[in-house]
Amino acid sequence: MTILDELDEQVKANPILLYMKGSPEAPQCGFSSKASQILIACGKPFSFVDILSNPQIRANLPEYSDWPTFPQLFVNGELVGGSDILSELHESGELQKIIDEVDIKD
Amino acid sequence: MSACSSIETKLTQELEPSHLEVINESYLHNVEPGKESHVRIVIVSQKFKNLNLVKRHQLIYKQIDNELEGPIHAISLHTFTDSEWKERNETAQESPDCLGGMKTEET
């Protein structure tokens, strides 16, 4: 399996998945911090991957998603965007709708 | 040419913006003076009509991939059509505060 297949599997296996620098508890970048705070505010559990401790993911995700920067949020396998998009969607209430529609199985 | 002015030239040519700001915000961050590491772009163009935000950002990234491979570490993008820009009273959100992580990454 190639790294791109692995990423595809990871993105599809986790309904709300944030690729970020650091963790939501200890973000290592202002943009990642903002993105994780917004997601926490949406009130649903989410998965995250710290790309600083996963250099292979950091190197290959931009090719997979056609998106050169981090953070990146995926919902149901689709790229929703980076931190600027998340804050705009959060401000307009759209992000809450997207997150509310996600069906998280236990 | 600085990265910011080359970004400005490219976006002006390709996206025919009615409003464009390319701001070097590096002074807000943990980098040496004079660096172009953190750049904020506010752009208003009719070419964004009917494109969602992901597609708009991808369109911009495509134009400036050379600059992104160079000195730029972080980029903040705010994209609007003419009518969206008017609705927002011609203002875009501020960039988030730096957490100093760039230094940790480099060492």
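Q: Rings of Phe, Tyr and Trp (its six-membered ring) pair if their centres lie within 6.5 Å, and planes under 30 degrees apart count as stacked, over 60 as edge-to-face and the rest as tilted. Which residues form one aromatic cluster?
A: This is a predicted model, so to speak of it fairly: local features need pLDDT of at least 70, side-chain atom pairs count only at pLDDT 80 or more, totals for chains, interfaces and linings use all residues, and side-chain values use heavy atoms, with hydrogens and water left out. Residues are numbered from 1 along each chain as its sequence is written, while chains are lettered from A and ligands numbered from 1 in the order in which they are written. One aromatic cluster is formed by A:Tyr19, A:Tyr64 and A:Phe74.

Q: How many residues apart are A:Tyr64 and A:Phe74, whose pair links distant parts of the chain?
A: Over all chains, a search of the whole structure finds four aromatic pairs. One of them joins A:Tyr64 and A:Phe74, a tilted pair with 6.3 Å centre to centre and 45 degrees between the planes. A:Tyr64 sits in helix α3 (residues 55-65) of chain A and A:Phe74 in strand β3 (residues 72-75) of chain A; helices (H or I, at least four residues) and strands (E, at least two) are DSSP runs, numbered from the N terminus. Their separation along the chain is ten residues.

Q: Is A:Phe74 buried or exposed?
A: Buried means under 20% relative accessible area, exposed over 50%, and partly exposed in between (1.4 Å probe, protein chains only). Its partner A:Tyr64 has a relative accessible area of 25%, so A:Tyr64 is partly exposed. A:Phe74 has 2%, which means that A:Phe74 is buried.

Q: Which residue of chain B forms an aromatic pair with A:Trp67?
A: This pair is edge-to-face, with 5.1 Å centre to centre and 85 degrees between the planes. A:Trp67 lies in the loop between α3 and β3 of chain A and its partner in helix α2 (residues 53-63) of chain B, so the pair joins two chains. Both A:Trp67 and its partner are buried. The partner in chain B is B:Tyr61.

Q: In chain B, which residues does B:Thr79 touch, not counting residues up to four places away in sequence?
A: B:Thr79 is part of strand β3 (residues 74-80) of chain B. Its relative accessibility is 1%, so B:Thr79 counts as buried. With contact meaning heavy atoms within 4.5 Å, B:Thr79 touches B:Ile43, B:Phe48, B:Leu53, B:Arg56, B:His57, B:Ile60 and B:Glu84.

Q: Where is A:Pro71, the residue that follows a cis peptide bond?
A: Most residues other than glycine have a negative phi, and most peptide bonds are trans. The bond from A:Phe70 to A:Pro71 is cis, with omega near 5 degrees. A:Pro71 is found in the loop between α3 and β3 of chain A.

Q: What is the relative accessible area of A:Asn76?
A: A:Asn76 is not a glycine, yet it has a positive phi of about 50 degrees. A:Asn76 lies in the loop between β3 and β4 (78-81) of chain A. A:Asn76 is exposed because its relative accessible area is 51%.

Q: What is the relative accessibility of B:Glu16?
A: B:Glu16, also not a glycine, has a positive phi of about 40 degrees. Look for B:Glu16 in the loop between α1 (3-15) and β1 (19-24) of chain B. B:Glu16 counts as exposed because its relative accessibility is 57%.

Q: What is the radius of gyration of chain A?
A: Chain A has five helices and four strands, in the order α-β-α-β-α-β-β-α-α from the N terminus on. The globule rule (2.2 Å times the number of residues to the power 0.38, with the radius of gyration taken over C-alpha atoms) gives 13 Å for 106 residues. Chain A is close to that, so it is as compact as a globular protein of that length, with a radius of gyration of 13 Å.

Q: What share of the residues of chain B is buried?
A: Chain B has five helices and three strands, and its C-alpha atoms fill a box of roughly 45 × 25 × 20 Å along the principal axes. In chain A, 53% of the 106 residues count as buried. Among the 107 residues of chain B, the buried share is 46%.
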